[in-house]
Every structure is written in structure tokens, then in C-alpha cells.
Amino acid sequence: MRNIIPYGRQYVDKSDINSVVKTLKKDFITQGSIVDEFEKKFAKYVGSKYAVAVSSCSAGLHLSCLIYSKKKFENIVTSPITFASTANAILHSGKKPIFCDVDVKDANISITSLKKILKNKKIGGVMPVHFAGNTCNMEEIKNICKKDNIFIIEDAAHALGSEYKCGSKVGSCKYSNITVFSMHPLKSITTGEGGVITTNNINIYKKLKIMRSHGIKKDFNKQKPWLYTMEDLGFHYRLTDFQCAMGISQLSKLGKFIKKRDEIAKKYYIAFDNTNNCNLLLRDKGNIKKSNHLFVLKINFKKIKKTKKNLINYLKKKGIGSQVHYIPVPMLKFYKKLGYKMTNLNNAKIYYEQAISIPIFYQLKKKSQIYIIDQIKKFIKS
């Protein structure tokens, strides 16, 4: 496996390691000032008023779903083309996920399908997923949700560094109530594990800060300085100071990470644009910045009379790692038991049949990328 080019890989340098070591030598390695510093720098980068660091993106999505628990309708619409944690967070919060079909062009939530669902079902929230770093049409989503005051949570696990058409960064919450990011090792930046929630609402911010730490709020009483109160049934979803120190260090390099991923993506687009039986996720003509968390090829395996398994095994033998993002959530065993089916999710089904993620990460060498392109083309044409 050492010789295999992975589909993704974290980049950690000496400055990241030194920042962690320095923090480990401090008096506070958790619940200290570095967490607050990271949150402020993160909020400044994405253009939001507030940011809350949590133990994972899943934790962030869970807390976000709980925030509007007193709303009248408990159904939340989301994409079937996402990791299980997106839908799981909805279930964990006592609500029901409703799956909306995706747009064939970018595998993001389909506006046409969303309108149909909102017309026929009682919906309290919408959770669009910025798949692979391609931004959803958030302006349109906000407009159609505005009428019924539907709560919007952006799952931006893939999208740190991406921008909307207007130029604002994903995470600015220009079109949503809350945005949630992942700091998993394969994402734009990493804190090992971790997540960040952003919002512009002071009440949501205060609630999140309490809910991530057992629902406990310190009571700053001069006469009784030990006092605290538990305001809600919260969770242990805190991120440590040494993780946040790594986050600050990684955030300072995010610009060059995104630039390199963009260069790699452009080479793939040029290489595969005119390859028969091979399609790409939409490449925006307006040069909108995106994180390029994944690079997905959609291959018509029926036409080339081969299978996805054939390709994955072929690439593995050639020392190239690949992955499938994702098995549609309604097809997972647990969700099948709950009665979910792929009804009205035809685009998602076709996407899954064709999609394969190929290597894209900061350290990917030009020579390796040329080799990857050549091997995939040989497979398709042979």
C-alpha cells in the first residue's frame, strides 16, 4: 500500500507540528485561549460573525439540527449523495431526513426536485451539501425557503475555500442560518479530527457554545466563583487547544492548498474533457473558486462493457488509489430498514453507477498525475 497513490492525503509540515508541541507545553491544552483564537481567525476567513469549533463535522451537524428543535415541522431535506453522517445527524436530533434528487451536472441538490418536495411535504429545514466543493445554488435555495421560514443548514464538509457566484465564501452564512465544516485529515485543512460551525446569529452562537459543552454555562459569581448552571441537555463536543493550534497553522496555508488543488483539477479537466464515455462534474465557466475536495469522473461503464470494480482493481494494480463518493444514503442497510428507497432519486442512482473519485491532494506530483490520466484513458479505450 505504500506505493499506491492515494485518492487523498493530508499535508502536515514542521510549522503545524511545532504549533501543536508549543500548545502542549502550555498550562491549558483544552478549554483555553487557543480555541477562541482559532474560532476568530476561521470566522474572519469565511466572513461570518461567529464560529464555534467542535469535535467533528458530524457533531456540528447534530448540534445544528437541534438548534431549531422547537420549529413546527421536523422534516429536513438533504441530498442522498453524501456521507451517512449528514442524514444521521438529522435522525440523532429526532427529525426525519427527506432525500431530494441531485442535479446531474454537479451532484448537488436539485432545485427542481427541492421545489416539488417543499410543495408537497411539511418541511422545517433544508440541509444542502456542497458536494466535492462545488457550491449549491444557495441564493435560489434561500429564496424558495424564505416564504415558509425554513431553516437552512449548509453541509460544507467539502467546501472550505469555496465561494458562491457572488464572491462571498461558503461559511459566510449569506444564504443560510448555519454552515458546518469538517477538519478531517482529507479535507481542505485538518485538525486531525474536528469541525467548525459558523453563523451570523448571536442567539444561535450562544446556544451552540453551551450545547457543545454538556449544556453547561459558567455563572460568574464573585461571591461563589465555582458556580455553574446546566441550561440544556448538551454534549461533550469540544475541540482541544492543541487541535486548534494546528488549525490556525493549517489555515495560514489554505490559500496555497486551494491553489494547488485548482491546478490539479484544471489538468484533469483538460485531459478528460473530450474522452468518450467519460463525463465530469460541472466546471463553472465563471472561474468561481472552489475547494476541489474531490475529483470525480463519471464513466459510462455499460457502454465500455466494463464495471466499476474492474476499474478500481485495475487502478490498484497500477498503484493508483480510488474511491466512490458516495453510496446513496437510502441504499445503506440501516436506511433500507427504515423504509427508505431510491424512488424519485433517478439522477442520484445514475450518478452512483458511474462515479469514481481519483487522486487529488496537495502533494500530488505532475508526473504522478500524468501517469494516472494515462492509465485511466487506457482502461476506458482498451
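The points below go through two sheets, one helix, one residue ahead of helix 1 and several salt bridges in a model that is predicted.

1. The seven-stranded sheet. One open sheet contains 7 strands in the order 1-7-6-5-4-2-3, and its pairing is mixed. Strand 1 (50-54) and strand 3 (96-99) form the edges, and since each has a single partner strand, one side of each is left without a neighbour in the sheet. From one strand to the next, the twist averages 25°.

2. The edge at strand 1, and a helix on the sheet. Strand 1 pairs with strand 7 (residues 195-199) in the antiparallel sense, over 5 bridges, and within this region Ala 51 stands opposite Thr 198 of strand 7. Helix 6 (residues 138-146) packs on the sheet, where it touches strand 4 (123-127) and strand 5 (151-155), and the direction of helix 6 makes about 160° with that of strand 5.

3. The three-stranded sheet. A further open sheet has 3 strands in the order 10-11-12, with antiparallel pairing. Strand 10 and strand 12 are its edge strands, each of them pairing on one side only, and the twist from one strand to the next averages 35°. Strand 10 and strand 11 pair in the antiparallel sense over 3 bridges, and Leu 280 has Leu 297, in strand 11, as its bridge partner. Helix 9 packs on this sheet, touching strand 10, strand 11 and strand 12, with a direction that makes about 15° with that of strand 11.

4. Helix 14, its length and its two faces. Helix 14 (residues 366-381) has 16 residues, which at 1.5 Å a residue should span 22 Å, and the separation of 23 Å between its end C-alpha atoms agrees with this. The buried residues of this helix are Ser 368, Gln 369, Ile 372, Ile 373, Gln 375, Ile 376, Phe 379 and Ile 380. Viewed down the axis of helix 14, these buried residues fall within an arc of 165°, and they therefore line one face of the helix. On the face turned away from the buried side are the exposed residues Lys 366, Lys 367, Ile 370 and Lys 381.

5. What covers helix 14. The cover over the buried residues of helix 14 includes elements of the three-stranded sheet, namely strand 10 (278-280), strand 11 (295-299) and strand 12 (355-358). It also includes helix 9 (254-272), helix 10 (301-304) and helix 11 (308-317).

6. Ile 5. This residue is found in the segment before helix 1 (14-24), and its relative accessibility of 14% is why Ile 5 counts as buried. Leaving aside residues up to four places away in sequence, Ile 5 touches Gly 319, Ile 320, Gly 321, Pro 359, Phe 361, Leu 364, Ser 368, Tyr 371 and Ile 372; among these, Ser 368 and Ile 372 belong to the buried residues of helix 14. Ile 5 and Phe 151, by contrast, are 146 residues apart in sequence and 41 Å apart in space, C-alpha to C-alpha.

7. A buried salt bridge and its network. The structure holds 11 salt bridges. In one of them the side chains of Asp 16 and Lys 253 meet, at 2.7 Å from N to O, and this pair links distant parts of the chain, with Asp 16 in helix 1 and Lys 253 in the loop between helix 8 (241-251) and helix 9, 237 residues apart. Asp 16 counts as buried at 1% relative accessibility, and Lys 253 is buried as well, with a relative accessible area of 7%. Asp 13 joins Asp 16 and Lys 253 in a network of salt bridges.

8. Salt bridges of helix 2. The side chains of Asp 36 and Lys 40 meet in a salt bridge of 3.2 Å, N to O; both residues lie in helix 2 (residues 33-46), 4 residues apart, which is about one turn of the helix. Asp 36 is partly exposed, with a relative accessible area of 32%, whereas Lys 40, at 55% relative accessibility, counts as exposed. Glu 39 forms a salt bridge with Lys 209, their closest N and O atoms being 3.5 Å apart. Because Lys 209 lies in helix 7 (residues 202-211) and Glu 39 in helix 2, this pair ties together parts that are 170 residues apart in sequence. Lys 209 is partly exposed, with a relative accessible area of 26%, while Glu 39 is buried, with a relative accessible area of 3%.

Key: Residues are numbered from 1 along each chain as its sequence is written. This is a predicted model: local features need pLDDT of at least 70, side-chain atom pairs count only at pLDDT 80 or more; totals for chains, interfaces and linings use all residues. Side-chain values use heavy atoms; hydrogens and water are left out. Helices (H or I, at least four residues) and strands (E, at least two) are DSSP runs, numbered from the N terminus. The expected span of a helix is 1.5 Å times one less than its number of residues. Buried means under 20% relative accessible area, exposed over 50%, partly exposed in between (1.4 Å probe, protein chains only). The arc is that of the directions from the helix axis to the C-beta atoms. Contact means heavy atoms within 4.5 Å. Two strands pair if DSSP finds at least two bridges between them. Axes are lines fitted to C-alpha atoms, for helices over the stretch in contact, and angles run from 0 to 180 degrees between N-to-C directions. A salt bridge is a side-chain nitrogen of Lys or Arg within 4 Å of a carboxyl oxygen of Asp or Glu.
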